[in-house]
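Please open the model in your viewer and keep the sequence panel beside it. The tour below moves from the whole chain to one sheet and then to the nonpolar cores.

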Amino acid sequence: MRAGPLLLPGVRHAADLVLTSDEATLRTQMELSEIPAPAFDEGARGLRMQALLAAAGLPEPGVDDVGNVVAVRPGSEGGPPLVVSAHLDTVFPPGTDVSVHREGDTLRGPGISDDARGLATLLSVARAMNGAGIVTRAPVLFVATVGEEGIGDLRGVKHLFAPGGAGHGAAGFLSLDGAGLDGVVIEGLGSRRYRVEVAGPGGHSWADWGMPNPIHALVELGRGLTKIELGLDPVSTLTIGRIGGGTSVNAIPQHAWVEIDTRSAAGHRLDMLEVDIRAQVEAARRAWDGLDVAITVIGDRPCGATSRDAPLVRAAFDATRAVGGHPKPALSSTDANVPMALGIPALTIGCGGEAGLAHTTDEWYRNTGGANGVLRALYTVVLTAGVTDAE
Ligand SMILES: [Zn+2]
């Protein structure tokens, strides 16, 4: 194990700061979790993150055009930065009760782990690096992203890595997401999502019977979609997630819609599924005279992967072992998908402790050995960005 840099006095000092601030990290996690951050409305939590990053000693944290909070910590050698990131947004709609309840080491509240834990860890790492005066070779860009979940469609991280974004051309990307001490997400599960809308004249269910019916058209289309061959190498999925429309039980609808989610670890599989889906929608359009049938892409998360030999992955594995974890390569859909697809080494790790019932209002986080998750993040940053000196 390349533990050398972890034994430097400055890094040891930073590790001590992480361990002694375990309780403060939990309090920050609770505080951030209680600031609502639904998709496209992450501003309030972003402002608080901006203030906390400044309080952690990062110079002039800013907010970019889409709402990402960004703060650069300079390195001794300049060059492209290592990005360390957690996401601001939650899946919970406006009005959700986001209060956190604490029973000993267990915290309950929507979003308490995903990703209030990541945000608190990001801050704890920044505080410890500054508190110990660590000087890294490469700059480290601390980021809190918007739009990681669902309909956000990774819009924050897409902007971050686009030309003009603060992370454009970065050397690597480390995403801190949720709990856990072993998993290292090095494969990005891609997804493509569609909405099909069908519209017609509608009418009375008796007097106008025989008029083309948008829901009948969608039911037939849905039946065809569930028969699509999905393939096993790699496993791909197709899910009709939502369906709606109509006015009344005794009316021929004027409008109906369906939303479809496809997923795979291979981009060509998503392409093949798209061809099949569009062919069926086209067939429905031809078969249903008098109905407008339209399909739009409502989500597109690219696939990607980071080589196990990439220095960032080796660093994350070494850091995991250094805190007593057992590194396990994993596949998931996270902010890391976007840099992976761009060829930038990227991965996602959990931030210690245990959690469950994510994406439900009963979500919980238990801080069992939680500080080790923060240490794992700190060590991954230090091993990847390199350390020249410490005060
Ligand atoms: Zn998350």
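Begin with the whole protein chain, shown as a contact map if your viewer offers one: among contacts with a separation of 6 or more, 79% are between residues 24 or more positions apart. Please bear in mind throughout that this is a predicted model. Switching to a cartoon view, you should find 10 helices and 21 strands, and the C-alpha trace spans about 85 × 40 × 35 Å along its principal axes. The radius of gyration is 23 Å, which agrees with the value near 21 Å that a compact globule of 391 residues would have. If you colour the chain by burial, buried residues make up 50% of the 391 residues.

Next, select residues 236-245, which are strand 12, and residues 292-301, which are strand 15. These two strands belong to an open sheet of 4 strands, whose order is 12-14-10-15 and whose pairing is antiparallel. Strand 12 and strand 15 each have a single partner strand and stand at the edges, so one side of each is left without a neighbour in the sheet. Looking along the sheet, you can follow how neighbouring strands are turned against each other by 15° on average, direction ignored.

Now add strand 14, residues 255-264, which pairs with strand 12 in the antiparallel sense over 9 bridges. To place one of these pairings on screen, pick Ile 240 and look for its bridge partner in strand 14, which is Ile 260.

Which helices lie across these strands? Select residues 214-225 to show helix 6, which lies across strand 10 (190-199), strand 12 and strand 14, and which runs at about 15° to strand 14. Then select residues 267-287 for helix 7, which lies across strand 10, strand 12, strand 14 and strand 15, running at about 5° to strand 10.

For the last stop, turn to the side chains. In soluble globular proteins, nonpolar side chains tend to be buried together. The largest nonpolar core here has 85 residues, and within this core Leu 347 and Leu 378 touch the most other members. Helix 10, residues 370-385, supplies the largest share of this core, with 10 residues. Centre the view on Leu 347 and, leaving aside its neighbours within four places in sequence, display its contacts, among them Leu 174, Val 184, Val 185, Ile 186, Leu 312 and Ala 336. Finally, select Leu 218, Leu 221, Val 258 and Leu 291, which are included in a second, separate core of 16 residues.

Note on methods. Residues are numbered from 1 along each chain as its sequence is written. This is a predicted model: local features need pLDDT of at least 70, side-chain atom pairs count only at pLDDT 80 or more; totals for chains, interfaces and linings use all residues. A nonpolar core is a set of buried Ala, Val, Leu, Ile, Met, Phe, Trp, Tyr and Cys residues joined through C-beta atoms within 7 Å. A residue is buried if 20 or more other C-beta atoms lie within 10 Å of its own, exposed if 12 or fewer, and partly exposed in between; C-beta atoms are placed from the backbone. Two residues are in contact if their C-beta atoms, placed from the backbone, lie within 7 Å. The radius of gyration is taken over C-alpha atoms; the globule rule is 2.2 Å times the number of residues to the power 0.38. Two strands pair if DSSP finds at least two bridges between them. Axes are lines fitted to C-alpha atoms, for helices over the stretch in contact, and angles run from 0 to 180 degrees between N-to-C directions.
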